[in-house]
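Colleague: I would like a close look at a single part of this model, with its side-chain contacts and its surface described in one connected account. Please also say how far the prediction can be trusted there.

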Amino acid sequence: MRGVSSFPFLLFFLSFSHNFIAGFSDDSSNPKNGTKTDTHAASSSHTGSTILVVCLALVVIVLLSFFLFKFWQKKKREEQYARLLKLFEEDDELELELGLRD
C-alpha cells in the first residue's frame, strides 16, 4: 500500500514544517509582560491542537489510501473479467472456423 510506505516521510515533513512555521510566527509576547504559566498553557493548547490536526490528517490519508486501493482492486477485477469474456468469445470463433461447432 502506497500510503504506508510514505508514512515516515510524511511524519518527518509534518514535524519539520511545524517547526519551520513556528519559527516564523509572530510571537510578540514578552516574558517580562506575562507569566510562565500563561505561556505554558498557550503552548500546551497549541501543541494539543497540532497533534489533533496531525492525527486527523493521518486518519484521512489512511482512509483515502484504503478506498483508493479498493477502487483499484475493483477496476482490476473488472478488467480481468472482461479479458476472460473476450477469451471465451475468441474461443467460440475459433471453433466455428475449425468446423468443430455449427
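What follows is a close reading of one helix, set in the context of the whole chain.

Modeller: The part I would choose is helix H3, and since this is a predicted model, I begin with confidence before turning to side chains. The protein averages a pLDDT of 75, with 52% of the residues scoring at least 70. Confidence is highest in H3, at a mean of 86, and lowest in helix H1, residues 2-5, at 53. Where pLDDT is low, the predicted coordinates should not be read in detail, and I therefore leave helix H1 aside on account of its mean of 53.

As for the setting, the protein has three helices and zero strands, and its elements run α-α-α from the N terminus on. Of the 102 residues in the protein, 3% are buried, and the accessible surface comes to about 9,400 Å², of which 66% belongs to carbon and sulfur atoms.

Helix H3 itself covers residues 36-98. An unreviewed UniProt entry lists residues 46-69 as "transmembrane region", an annotation that may be inferred rather than shown by experiment. In the model, that stretch is 100% helix and 0% strand, and its end C-alpha atoms are 34 Å apart.

The aromatic side chains come next, and the structure holds two aromatic pairs. One of them joins Phe 66 and Phe 67, whose rings are 5.5 Å apart centre to centre with 70° between the planes, an edge-to-face arrangement. Phe 66 is partly exposed, at 38% relative accessibility, whereas Phe 67, with a relative accessible area of 54%, is exposed. The other pair is made by Phe 69 and Trp 72, with ring centres 5.9 Å apart and planes at 35°, so this pair counts as tilted. Phe 69 and Trp 72 are three residues apart in helix H3, a separation of about one helical turn. Both partners count as partly exposed, Phe 69 at 33% relative accessibility and Trp 72 at 46%.

Farther along the numbering, the charged side chains deserve the same attention. Side chains of opposite charge can pair when their charged atoms come close. The structure holds one salt bridge, in which the side chains of Arg 83 and Glu 79 meet at 3.1 Å, N to O. Because a salt bridge is counted when the nitrogen and the carboxyl oxygen lie within 4 Å, the 3.1 Å between Arg 83 and Glu 79 satisfies the cut-off. Both residues lie in helix H3, four residues apart, which is about one turn of the helix. Arg 83 is exposed, with a relative accessible area of 52%, while Glu 79, at 48%, is partly exposed; the dividing value here is 50%, so the two residues fall into separate classes.

The numbering of this salt bridge overlaps with that of a nonpolar surface patch, made by Tyr 81, Leu 84, Leu 85, Leu 87 and Phe 88, with an area of about 510 Å². Among these residues, Phe 88 lies in helix H3 and counts as partly exposed, at 48% relative accessibility.

Taken together, the close look at helix H3 gives an edge-to-face pair at Phe 66 and Phe 67, a tilted pair at Phe 69 and Trp 72, and a salt bridge between Arg 83 and Glu 79, in the element where the confidence of the protein is highest.

How values were computed:
Residues are numbered from 1 along each chain as its sequence is written. This is a predicted model: local features need pLDDT of at least 70, side-chain atom pairs count only at pLDDT 80 or more; totals for chains, interfaces and linings use all residues. Side-chain values use heavy atoms; hydrogens and water are left out. Helices (H or I, at least four residues) and strands (E, at least two) are DSSP runs, numbered from the N terminus. Buried means under 20% relative accessible area, exposed over 50%, partly exposed in between (1.4 Å probe, protein chains only). Rings of Phe, Tyr and Trp (its six-membered ring) pair if their centres lie within 6.5 Å; planes under 30 degrees apart count as stacked, over 60 as edge-to-face and the rest as tilted. Patches are made of residues with over 30% relative accessible area and no salt bridge: like charges are joined within 9 Å, nonpolar side chains (Val, Leu, Ile, Met, Phe, Trp, Tyr) within 5 Å. Accessible areas come from the Shrake-Rupley method with a 1.4 Å probe; for residues, only the protein chains shown count as cover. pLDDT is the predictor's confidence in each residue, from 0 to 100.
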